[in-house]
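User: I would like to learn how to read cysteines and enclosed spaces in a model of this kind. Could you take me through them in turn?

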Amino acid sequence: MPGSVLPSVKRLQEDLEALSLIGRHGQGVSRTAFSPADMEARGFVRELMARAGMEARMDPAGNVWGSLCGKEPGLPSLVIGSHLDTVPEGGRFDGALGVLAGIECLRTLGEGQATRGRTIEVVGFSDEEGTLTSGYFGSRAMLGRLSTRERHDLGDETSDLYRTLVAAGLSPGEVLRAGRDPLGIHCYIELHAEQGMTLEEMGYSIGVVTGIVGINRYTVEIPGTARHAGTTPMRLRDDAIVKASRFILRMHEYVLGLEEQAVLTAGWLRVFPGAYNIVPGKVQVGVEARSMDPGLLDQAEAEMARVLEPLGGHVNLLSSDAPALLDDGVRQALAAAASKEGYASHPMRSGAGHDASIMARSVPSGMIFIPSRDGLSHCPQEWSAPWHLEAGLRVLYRACLDLSG
């Protein structure tokens, strides 16, 4: 590798441990979007960036940026990033790895005084997990992709979004100023733990992501008749939760028949009135469908409507993120970087959503995956081995050298 200074996996591990202490709850990490812990983490990362010799700032959407200027500042920047927020009781690698590995790469570049043409930036996006919004808030705000409802809520002092941003010390009216011209970004790279078992099972240390699944989310409502549970015979019941169970099982069987080209999850149920002694009169089900094939997503939605019709239910689409194909040129550069560092890489799709799926709609984007032990993520047991961290870090650093000129 060019230069006498190499990125340090030891420093990366130390940074990951220090960041995981912010929002630590038991063994898990809870830094939900714009919470006090999340904002503390953003301050911590800004300090890391500044100590690494980067120009550090936080934009109006809560995204944290650090930049290292190249010899030709007029060239579009190379951007490395991920997110800093977590799910409740999450792990220490999800999101944080990509941001901190980017900082370690720029820290190393500064120490080795490596010659670069273009500026390199590291970004820690806000609310990727969607605990406050529909997800990817920071990257969507940066690229002008906030929904009409979100734009309205930024001006509504009674909305949860407005009040949460104010409590976090941000100005809702300034969020839209976080926008950037995509032409000013040469490409975007995200290093991430896989969150699945493909790499571990196949024996690869590096995955190069080809595409990120589309994700549709729905609320399904199924009616019943609320009646006294003690006096209504079983044969006379119109039980909404029984009907909801039939719907869930039918959709489970349907998606099994798609030969692993899609997944569908009933993630939550709300039962009304919700008492031991009342036959359920209504059930709401939160449903999520994922696939790389938008046609299969449409078919799954049509099948839900078909199954619900005789049950008297209906389905409402809450949000839709189309599948994202990642840039061929960036993918080839990442695979070449892995090869130069002595790692065989595996082309693969991502079944999880990432900020890269938003970025890919406006700028050339790519992702590097490293294995997750037992495929675990979004939980305290989330873990990637030190040798896999080193592999991801070295490939990311090599890609920085190659793509920054």
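Analyst: We will take the cysteines and then the enclosed space, bearing in mind that this is a predicted model.

User: How many disulfides does the structure hold?

Analyst: A disulfide is a pair of cysteine sulfur atoms within 2.5 Å, and by that criterion the structure holds zero disulfides.

User: Why is Cys69 too far for a bond?

Analyst: The sulfur of Cys69 has its closest cysteine sulfur in Cys400, and because 15 Å separates the two, they are too far apart for a bond. Cys105 is in no disulfide either, although in its case the nearest cysteine sulfur, again that of Cys400, lies 4.5 Å away.

User: Are Cys69 and Cys105 buried or exposed?

Analyst: Cys69 has a relative accessibility of 44%, so this residue counts as partly exposed, whereas Cys105, at 0%, counts as buried.

User: How many cavities of 30 Å³ or more does a search of the whole structure find, and what lines the largest cavity?

Analyst: Rolling a probe the size of a water molecule over the atoms shows where empty space is left. Here, a search of the whole structure finds one cavity of 30 Å³ or more, and the largest cavity contains about 30 Å³ of space. Its lining is made up of Val255, Ala262, Val263, Leu264, Ala289, Leu296, Leu297 and Ala300, with strand S10 (262-272) and helix H9 (294-308) being the elements that contribute two or more residues to it.

User: How do the lining residues of the largest cavity divide into nonpolar, polar and charged?

Analyst: The lining of the largest cavity has eight nonpolar residues, with no polar and no charged ones.

How values were computed: Residues numbered from 1 in each chain as written. Predicted model: local features only at pLDDT ≥ 70, side-chain atom pairs only at ≥ 80, totals over all residues. Heavy atoms only, no water. Buried < 20%, exposed > 50% of the residue type's maximum accessible area, 1.4 Å probe, protein only. 1 Å grid on protein atoms, 1.4 Å probe; cavity = no way out; pocket = protein on both sides within 12 Å on 5 of 7 lines; lining within 4 Å. Points joined across faces, edges and corners; volume = space filled by probe spheres on them. Helix = DSSP H or I, 4+ residues; strand = E, 2+ residues; numbered from the N terminus. Nonpolar A, V, L, I, M, F, W, Y, C, P; charged D, E, K, R; others polar.
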